[in-house]
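Good morning, and thank you for coming. Please look at the sequence and the structure while I speak.

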Amino acid sequence: MRSLGPVLVVVAAIVALWYAACVPMNIHTAVTDAERAGVAVSPDGAAVRRDIGALRLALGNTHVWGDTFAQEKPRLPAPHQVAAELWDTVAMKKVSSKRSLVYHGWITLSATLVGFAIGTVAGVLLAVGIVHSRAMDMSVMPWAIASQTIPILAIAPMIIVVLNSVGVQGLVPKAIISAYLSFFPVVVGMVKGLRSPSPMDLDLMRTWSASRGQTFRKLRLPASVPYLFASLKIGIAASLVGAIVGELPTGAVRGLGARLLTGSYYGQTIQIWSALFATAILAAGLVALISALERATLARMGVGR
Amino acid sequence: MSAAPVISASSLDLTFQTNDGPVHALKGVDLDIGKGEFVSFIGPSGCGKTTFLRCIAALEEPTGGTLTVNGMTPEEARKARAYGYVFQAAGLYPWRTIAGNVRLPLEIMGFSRADQKARAEKVLDLVDLAGFGGKFPWQLSGGMQQRASIARALAFDADILLMDEPFGALDEIVRDHLNEELLKLWARTGKTIGFVTHSIPEAVYLSTRIVVMSPRPGRITDVIESPLPKERPLDIRDTPEFLEVAHRVREGLRAGHAYD
C-alpha cells in the first residue's frame, strides 16, 4: 500500500488538469449563455467573441467559470458530470433498460467474449501449425501480419455487409471482428512460446526418443503458458475494441459502440464520455481477470513464486 | 578388456558443411570403450569432444566410419535406452518438481505410475537428494540441480552415462564435491561413463582413461591409461602419480598444437 500515495497524487493531477481544460473548452458557450441571461460579459456579441482565443475569453470572464462545469452539452464535460452520468446509467437504471450502461455493456461484452474465444482458439491452432510445419510458417505468417496492417475501420463494414447478405446479424459479425483483432497477438505470442525451449531442452527429449506429440505436450506447451497469458491480455483488450468497432458501421442501437454513436449524433458529449469510461473500465476489468487467471495458473504450475 | 566394447568407433568422420566451407569436426577417430570404464574427453574448444559424445547419443550423424553402441547403431541404442545424457546446464523444467523432472523420461518411455515413483525415489536417494523430490528447481542450488539432472539420466537404468561438461558451470568447491560423489556413484552402479571436460585435474581425478583431443580437424592425439587406484580420495590430487598423469595430459594438449 506504499504506492497508494503516489497513485492518488497522479489521479488528482489528472482530474485537476481535466477541470482546468474544461474552462477554455466550454467558455464560448458559457459566455453566450450568460449574456442571454442578462449577465454582463466582455466583449459583447457572439460574432465578436468567435474570433477571440478561448484563453483570453476565459481570463476576461472569470465570473462565468462555474457554468463551464455545468453545461448540458459541453464540448468537454467535467469529471463530476461524467461520474454522475456513469452512476446514473450504471447503478440507477434497471439493467434491462435501454438507458442502462450495464445493458449496453453486456451486449458489447458478450460479443467481445465470443470473439476472444474464437480468436484465442484460432490463434493457438495457427501457432501450433506454424511451429510444426515449415510450409505453414512460410505461408500463414505473412498473411497474419498483412491482416493486421489493414485498418479495422475499413474492413469492419465489409464483414458486416457480407455476413448480413447471408443472413447473419447481431452478435456473430461483431464477434468475428473481435476475433480478427485478437487472434494475432495470440499467434505471435504462442509461436514465440512454443519455440522458447532451448536446443538443449529439445536434445534431452531426443535422447529419450520422445515423439513430436510428447515433446509438444510435455515441453513446448507448458513452456508457452507465460507467453500465452501475455498475449491474452493484449488479445482481450483488442477484442473489446473489435466489438465496439463492429457496432459503429451498422448504426447499431445496442452496445457501448451504439452509445458512442448516438451520443455523437445528438451532441451528447456526457453520454459519449461515460460510454468511453465504461469501455475503459470494462477493458481494465477484463485484463485484471486474465492477470488473476495467469497468477493462479503459474502458481499452480510452480513457476509463479 | 576381453569382452566386446560397449562403445566402438573406427575411423569416424564428421564434416559440417558451412558457408565458409567444410569443417572437419571429427577426422579418423578410433576408440573402444569397455564396460564399466570412466573415459574423459579433454581438449580445447572445437576439438570435437562434445561432437563425439553427441554422435554416440545419435544427436549428430557421422559422415564416415562406423560407430556402434552395445553392438547397435547409436539410433537403435537410443531406442533401447542404452544411455542417459547429462548436459552442462541441468535443464530441469521449472514447472515440474524435482521428482516430476526425474519422472519425465519415465513418463515418456511409458513406465507404470508405481514404477515411476519407486524409480524416482531410488535415484534421488542415489544422488543424495532424498526428501527434495517435492521441491521446485528454483528452490535448489546449482549443484543440487545438476545432481537432480544426473538422477534423471539414471532413472531408466541405462548402462551408459554420457556427460557433457556437467560441472562446467559450477564453482570449484561444489565441483570437487560433485566429482567425489560421481566417483562413488560410478563405483556403486558400475556404469560406463563418457565425460567431456575442460579441466585437466577433473579429467585425471575421475577417469580410468583420458582421451586427449585437438582441433582442426578434430582428432584424438593421445589416450592415457590412468595408473591411479579405483579408490580415490580428493587429496590423491597432491600425489606424484596424479601430477605425473596431469603432466602427460598437458603435454598431449600441447603436442596437438592446441594453444597455437
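I shall speak about the domains of each chain, the membrane annotation, the contact between the chains, and one hairpin.

Please keep in mind throughout that this is a predicted model.

Let us begin with chain A. Its domain assignment gives domain 1, residues 4-76, and domain 2, residues 101-301. Taken over C-alpha atoms, the centres of domain 1 and domain 2 of chain A are separated by 41 Å.

Which residues of chain A does UniProt list under "transmembrane region"? The record, an unreviewed entry, names residues 106-131, 143-163, 175-194, 227-250 and 270-293. I have chosen two of these stretches for a closer look. Over residues 175-194 of chain A, the chain is 100% helix and 0% strand, with 27 Å between the end C-alpha atoms. Residues 270-293 of chain A are likewise 100% helix and 0% strand. In that stretch, the end C-alpha atoms are 34 Å apart.

We now turn to the place where the two chains meet. How many residues does each chain bring to the contact? Chain A contributes 15 residues and chain B contributes 16 residues. On the side of chain A that touches chain B, helix 10 (199-207) and helix 11 (212-247) of chain A each supply at least two residues. The largest share of that side, six residues, belongs to helix 10 of chain A. By class, the residues on this side of chain A are seven nonpolar, four polar and four charged.

Next comes chain B by itself. Chain B is divided into domain 1, made of residues 7-82 + 158-255, and domain 2, residues 92-156. Between the C-alpha centres of these two domains of chain B there are 25 Å. Their contact draws eleven residues from domain 1 of chain B and nine residues from domain 2 of chain B. Which element gives the most to the domain 1 side? The answer is helix 6 of chain B, residues 172-189, with four residues. The side of domain 1 of chain B that touches domain 2 of chain B holds nine nonpolar residues, no polar residues and two charged residues.

Finally, I ask you to find the start of domain 1 in chain B. Strand 1 (residues 7-18) and strand 2 (residues 21-33) of chain B run antiparallel and are joined by nine bridges. These two strands of chain B form a hairpin, with two residues between them. Within this pairing, B:Ala9 stands opposite B:Leu31 in strand 2 of chain B.

Thank you for your attention.

Note on methods:
Residues are numbered from 1 along each chain as its sequence is written. Chains are lettered from A and ligands numbered from 1 in the order in which they are written. This is a predicted model: local features need pLDDT of at least 70, side-chain atom pairs count only at pLDDT 80 or more; totals for chains, interfaces and linings use all residues. Two strands pair if DSSP finds at least two bridges between them. UniProt positions are given in the numbering used here, feature names are shortened, and annotations may be inferred rather than shown by experiment. Two residues are in contact if their C-beta atoms, placed from the backbone, lie within 7 Å. Ala, Val, Leu, Ile, Met, Phe, Trp, Tyr, Cys and Pro count as nonpolar, Asp, Glu, Lys and Arg as charged, and the others, Gly among them, as polar. Domain bounds come from an automatic or database domain assignment.
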